[in-house]
Amino acid sequence: MVKLIHTLADHGDDVNCCAFSISLLATCSLDKTIRLYSLSDFTELPHSPLKFHTYAVHCCCFSPSGHILASCSTDGTTVLWNTQNGQTLAVMEQPSGSPVRVCQFSPDSTCVASGAADGTVVLWNAQSYKLYRCGSVKDGSLVACAFSPNGNLLVTGSSCGDLTVWDDKMRCLHSEKAHDLGITCCDFSSQPVSGGEQGLQFFRLASCGQDCQIKIWVVSFTHVLGFELKYKSTLSGHCAPVLACAFSHDGQMIVSGSVDKSVIVYNTNTENILYTLTQHTRYVTTCAFAPNVLLLATGSMDKTVNIWQFDVETLYQARSTEDQLKQFTEDWSEEDVSTWLCTQGLKDLVGIFKINNIDGKELLNLTKESLADDLKIDGYSYEREAMENWISKKKRTSPMTNLVLPSVVLTPNRTLKMAINRWLETHQK
């Protein structure tokens with residue numbers, strides 16, 4: 001079951017966006033303000049509303065820690081706020097001065113993306129508040145953006161209906177027409193889904209638009225096979241343009257809001273409708289799930305924000321199908337696991353996994369400790385030159401644990417390398 005537990009009616013005009021942190025709810029409006037509420041009792045914070053923007057506020061979002069809030073406006077600025085005292089930290093002006101329609105923090109909080117009506121998208125350094133990278137689409141306004149959970153990709157959506165994918169250096173990787181009449185919103189599921197073609201790990205992306213549809217896409221990005229975006233399915237529960245969509249934090253549900261004044265909650269895995277909520281009296285413009293509790297916020301042109309609470313049974317129903325997907329991986333043979341390792345750039349580990357008879361069921365149960373103890377994989381990161389020098393001296397023990405290494409295969413730690421590269425790019429400007 002889902003029930004309406006609270007209605008906020010403090011804004012004086014259309015509600016454009018709402019966003020959750022672990023402890024707060026933020027809302028913004030055509031009335032030029034941002035409001036902050038405590039999730040404990042939905043009372044407005046003493047330093048709310050936040051006032052700076054001189055025109056409508058289109059979007060607001062929290063940094064992953066929840067300590068900073070970003071907002072953007074028709075006035076051409078993206079503003080960063082201290083959520084603890086409401087003070088302005090930075091005002092970042094879009095280079096073209098164009099109205100800013102959407103903003104989003106990167107998963108590691110190092111960058112803030114802002115998309116504008118003239119088609120420009122800017123990455124701002126969230127520490128120095130300076131422009132880091134920028135790009136632009138050929139046609140239309142940028143009205144939607146979302147970072148992939150690993151931060152490698154940024155997806156933007158335009159009023160012309162194009163989905164555009166950018167890498168972390170703002171190089172355009174891909175662009176395609178997704179919704180004929182224009183995109184209104186897009187969102188990544190924060191949870192990766194294992195399985196599928198060639199055992200790749202992939203992420204779900206949802207987009208919605210003026211064509212009354214929600215489309216589900218599969219996005220993958222590996223160093224071996226590169227980037228790939230595949231259309232998966234369409235959700236057609238609404239009878240009017242869909243203005244907002246969002247995944248739940250665990251990836252098991254997706255919610256949408258529409259011009260038809262309704263909110264629909266779907267099971268992500270079965271794509272069946274779980275609930276249709278019809279409390280709002282005008283267009284539903286925004287919806288968001290809380291990260292750590294079973295709460296949903298929906299905002300509307302009726303100037304209200306509704307807070308909905310789900311029961312545990314809903315979560316159980318949504319998750320039961322995910323268990324069926326995990327069964328796919330459990331059924332892998334040892335050969336299937338070997339194929340998956342190769343697609344992940346880990347071909348050198350195939351022999352070790354085969355010696356230890358690692359099939360799909362064993363793969364799902366592997367931990368860092370079992371990799372180190374059972375498979376005798378060191379698990380630590382070293383400079384390659386130093387480790388090669390260590391091995392060249394005929395040392396077959398781990399420099400960290402001093403345990404004997406049955407294999408001297410070195411596996412690149414690409415995640416660490418990417419993190420180092422990001423840090424260097426941020427601090428060497």
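This briefing describes aromatic contacts, a charge placed over a ring, and salt bridges in the structure above. The model is a predicted one. A search of the whole structure finds three aromatic pairs, and the count of salt bridges comes to five. The points below treat one aromatic pair, one aromatic cluster, one arginine over a ring and three of the salt bridges, with the accessibility of several of the residues concerned.

**Aromatic contacts**

- Tryptophan 217 and tyrosine 231 form an edge-to-face aromatic pair, with 5.7 Å from centre to centre and 75° between the planes.
- This pair links distant parts of the chain: tryptophan 217 belongs to strand E20 (residues 214–222) and tyrosine 231 to strand E21 (residues 226–235), the two being 14 residues apart.
- Tryptophan 217 has a relative accessible area of 2% and is therefore buried, the cut-off for this class being under 20%.
- Tyrosine 231, at 46% relative accessibility, counts as partly exposed.
- One aromatic cluster is made up of Tyr275, Phe289 and Phe310.

**Charge over a ring**

- Arginine 133 lies over the face of tyrosine 132, and its distance from the ring centre is 4.6 Å.

**Salt bridge between arginine 171 and aspartate 167**

- The side chains of arginine 171 and aspartate 167 meet in a salt bridge, at 2.6 Å from N to O.
- Aspartate 167 is buried, with a relative accessible area of 8%, whereas arginine 171 counts as partly exposed at 49% relative accessibility.

**Salt bridges of lysine 230 and lysine 232**

- Lysine 230 forms a salt bridge with glutamate 228, and the closest N and O atoms are 3.9 Å apart; this value falls within the 4 Å limit, so the contact is counted as a salt bridge.
- Glutamate 228 is partly exposed at 35% relative accessibility, and lysine 230 is likewise partly exposed, at 34%.
- Lysine 232 forms a salt bridge with glutamate 271, in which the closest N and O atoms are 3.2 Å apart.
- The salt bridge of lysine 232 and glutamate 271 links distant parts of the chain, 39 residues apart: lysine 232 is in strand E21, while glutamate 271 is in the loop between strand E24 (263–267) and strand E25 (273–277).
- Lysine 232 has a relative accessible area of 40% and is partly exposed; glutamate 271, at 22% relative accessibility, also counts as partly exposed.

Key. Residues are numbered from 1 along each chain as its sequence is written. This is a predicted model: local features need pLDDT of at least 70, side-chain atom pairs count only at pLDDT 80 or more; totals for chains, interfaces and linings use all residues. Side-chain values use heavy atoms; hydrogens and water are left out. Rings of Phe, Tyr and Trp (its six-membered ring) pair if their centres lie within 6.5 Å; planes under 30 degrees apart count as stacked, over 60 as edge-to-face and the rest as tilted. Helices (H or I, at least four residues) and strands (E, at least two) are DSSP runs, numbered from the N terminus. Buried means under 20% relative accessible area, exposed over 50%, partly exposed in between (1.4 Å probe, protein chains only). A charge sits over a ring if NZ of Lys or CZ of Arg is within 6 Å of the ring centre and within 35 degrees of the ring normal.
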